Structure formats: structure tokens, C-alpha cells
Amino acid sequence: MSLRLDWNWLGVAPYLTFAFLFLILPILYLIQGAFQTPDGSYSLTTLISLSQPQLAGSYWLSIRLSFVSASLGAVFGLFLACALILGGLPSWMRRAFMTYSGVASNFAGVPLAFAFIATLGRLGLATLILRDVFGLNIYAAGFSLFSFWGLAIVYLYFQMPLMVLMITPALEGLRPQWKEAAESLGASTWQYWRHIGLPILAPSVLGCFLLLFANAFGTLATIYALTGGNYEVVPIVLFQQIRGNVLYNPNLGYALAFGMILIMIVTNSLYFLLRRRAERWQK
């Protein structure tokens, strides 16, 4: 029996090689480092050190910031997507918003930080307009772009468009016949959404929320550009441990990254489960 070479694998070989070299191998390396001490011996000491108040606090801060930005992004993004897909808006507006969402969902880092500083910073355009035209000094009232809620607003810039892109297929999967059947039986619009529309969309919305949470949890460049590394979320603490300053402890950085990987595994596993449930209605 002769072995037949399947040349179809040749097309995906570059991608598999790239993923192995720059994704799988680094993950295996940092997992190994998470179970080592700086002298190279294997121990659980480094992982146990994540329970220190400062490190545990950074995880809790990242979780809270990711949860708030993901929640707001999911809610407002869902409303925006419903208006675009189900609201009867002109097709050109839908195309424009979808194009914008594709760009804005990937717009982060230093450019996004500068844009918000120029808009909502202490001398930002919107801040000055509110102060000089409407007599509202938002900074005197306690708002700060560099606070928890200020950062959550910045995150919304890429969280909302990402939600629009992800939830659009689910909204398009709502069949008009379902609503027509409900109305023929005397159901109101609210009853249709309460008993049919929202239960069908719930797995998709929750799955999108989990992806938004994971997206916010791993954000580094934007928050670092805004705060200069003074806001101790997990990505910044990790960066401080491996970049070679006085806090240099690469193994602790590996342990922090390992903790982030575990959180990502949980969120993505839940997402795949919810997606499978949502796909049952689209068959």
C-alpha cells in the first residue's frame, strides 16, 4: 500500500509554521518559566506569589475594568447594531457604520490615547467647549480621563464597534417569519422580544461579551500611552517585570502571563459553548 502525499497541506504550512514559532512555542516557554524561580529551579513559589496583595489587586483591577468596558460595549453596541440591521435605516448608513466599525475596532494604542487626550484631556476640545460654552467643568466635578471610568470610556471606542461586527450575523439570523408568527397570535413587539428575540440572541450576546472581556483584559498599548505605566492593570505589571527595570523578574512576568492565559482559556471556552448553542437557531 503506497502512501499518497496530500498537497493540500502545503497551502496551510506557512501559517502552521508561523503559529508554532510565534504562538505555541512562546506559550510553552512562559508556562515553563512560570513554574521556575530566577535561579532556574522548578517550584510553585512564583505562582504562589501571585496571591500577594499588589498582584492580586492588579488582577482584580483588570477584571473590573474589562467587565465594565465589556458590559457597556455589549449593551450600546447591541443597540447600535439593532438600529442598523433591524431599524430600517438607509443601506448607505449601514455600510458606512460597518466600514467604520472595522477600522475603529482595531484603532488602539498611542493614536487612540492621543485622540482622547486631545478631546477629553484637561485642555481637550470637548473639555474646553463644555467649560467655556456650557459652564460645565468636568474635571472640577471629579471626572478624569486617567481614572477608572475615564479608561472605560476610552475602551468603549474599540469595544462598541467590535460588538457591532460580532453581533450583526446573529441579528441577521432572526427570521422575519418568527415575528410575523408571533404577531399573528396577538403578541406585541415587547412580547416578541421578551419571549422569542432576546432568548434567541442571549447566547450570542453573552458570547460577544466574553470576547469583549478578553479583548479588554489583554489591552496594553492604549492604557500605557494614557497613564505612562502608572495604572497597575495586569498587562502593565507584566511589562514592568520583563522590560529590565528595578522590578525585573521575568519568572514573575511569566506567572502573570500564565494567569492571563488561564483567564483567556476560560472566557474563550465559554464563548465556544455559547456559540454552539446560538448556531442551533441559525440552521
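Buried, in this tour, means under 20% relative accessible area, with exposed over 50% and partly exposed in between (1.4 Å probe, protein chains only). By that cut-off, 39% of the 283 residues of the chain count as buried.

Before you click around, a note on the model: it is predicted, local features need pLDDT of at least 70, side-chain atom pairs count only at pLDDT 80 or more, and totals for chains, interfaces and linings use all residues. Residues are numbered from 1 along each chain as its sequence is written, and side-chain values use heavy atoms, leaving out hydrogens and water.

**Stop 1: the whole chain**

Start with a cartoon view. You should find 12 helices and zero strands; helices (H or I, at least four residues) and strands (E, at least two) are DSSP runs, numbered from the N terminus. Along the principal axes, the C-alpha atoms fill a box of roughly 85 × 75 × 35 Å. Now turn to contacts, meaning heavy atoms within 4.5 Å. Among those with a separation of 6 or more, 69% join residues 24 or more positions apart.

**Stop 2: α3 against α7**

Select residues 53-85 for α3 and residues 148-172 for α7. These two helices pack at an angle of about 45°, with their axes 6 Å apart. The axes are lines fitted to C-alpha atoms, for helices over the stretch in contact, and angles run from 0 to 180 degrees between N-to-C directions. That angle makes α3 oblique to α7, since angles under 35 degrees count as roughly parallel, over 145 as roughly antiparallel, 65 to 115 as roughly perpendicular and the rest as oblique. The contact of α3 with α7 has 24 nonpolar, five polar and two charged residues. For these classes, Ala, Val, Leu, Ile, Met, Phe, Trp, Tyr, Cys and Pro are nonpolar, Asp, Glu, Lys and Arg are charged, and the others, Gly among them, are polar.

**Stop 3: G150**

Stay in α7 and pick G150. With 0% relative accessibility, G150 counts as buried. Beyond its neighbours within four places in sequence, G150 is in contact with F143, S144 and L145. Add F116 to the view: 34 residues away along the chain, its C-alpha atom is 9.6 Å from that of G150.

**Stop 4: I223 and T219**

Next, show I223 in helix α10. This residue also counts as buried, at 0% relative accessibility. Setting aside neighbours within four places in sequence, I223 is in contact with L65, L151, Y155, G228, Y231, V233 and I236.

Move to T219, in the loop between α9 (189-217) and α10 (221-227). T219 counts as buried at 12% relative accessibility. Its side chain reaches the backbone oxygen of N215 at 2.9 Å. Outside its neighbours within four places in sequence, T219 is in contact with Y155, F158 and P235.

**Stop 5: α11 against α12**

Finally, select residues 234-242 for α11 and residues 250-279 for α12. Their axes come within 7 Å and cross at roughly 155°, so α11 and α12 are roughly antiparallel to each other. To see the contact, display V234, P235, V237, L238, Q241 and I242 of α11 with P250, L252, G253, L256, A257 and M260 of α12. Sorted by class, the contact of α11 with α12 holds 10 nonpolar, two polar and no charged residues.

How values were computed
Polar contact = N/O pair within 3.5 Å; in protein donor to acceptor, adjacent residues only side chain to side chain.
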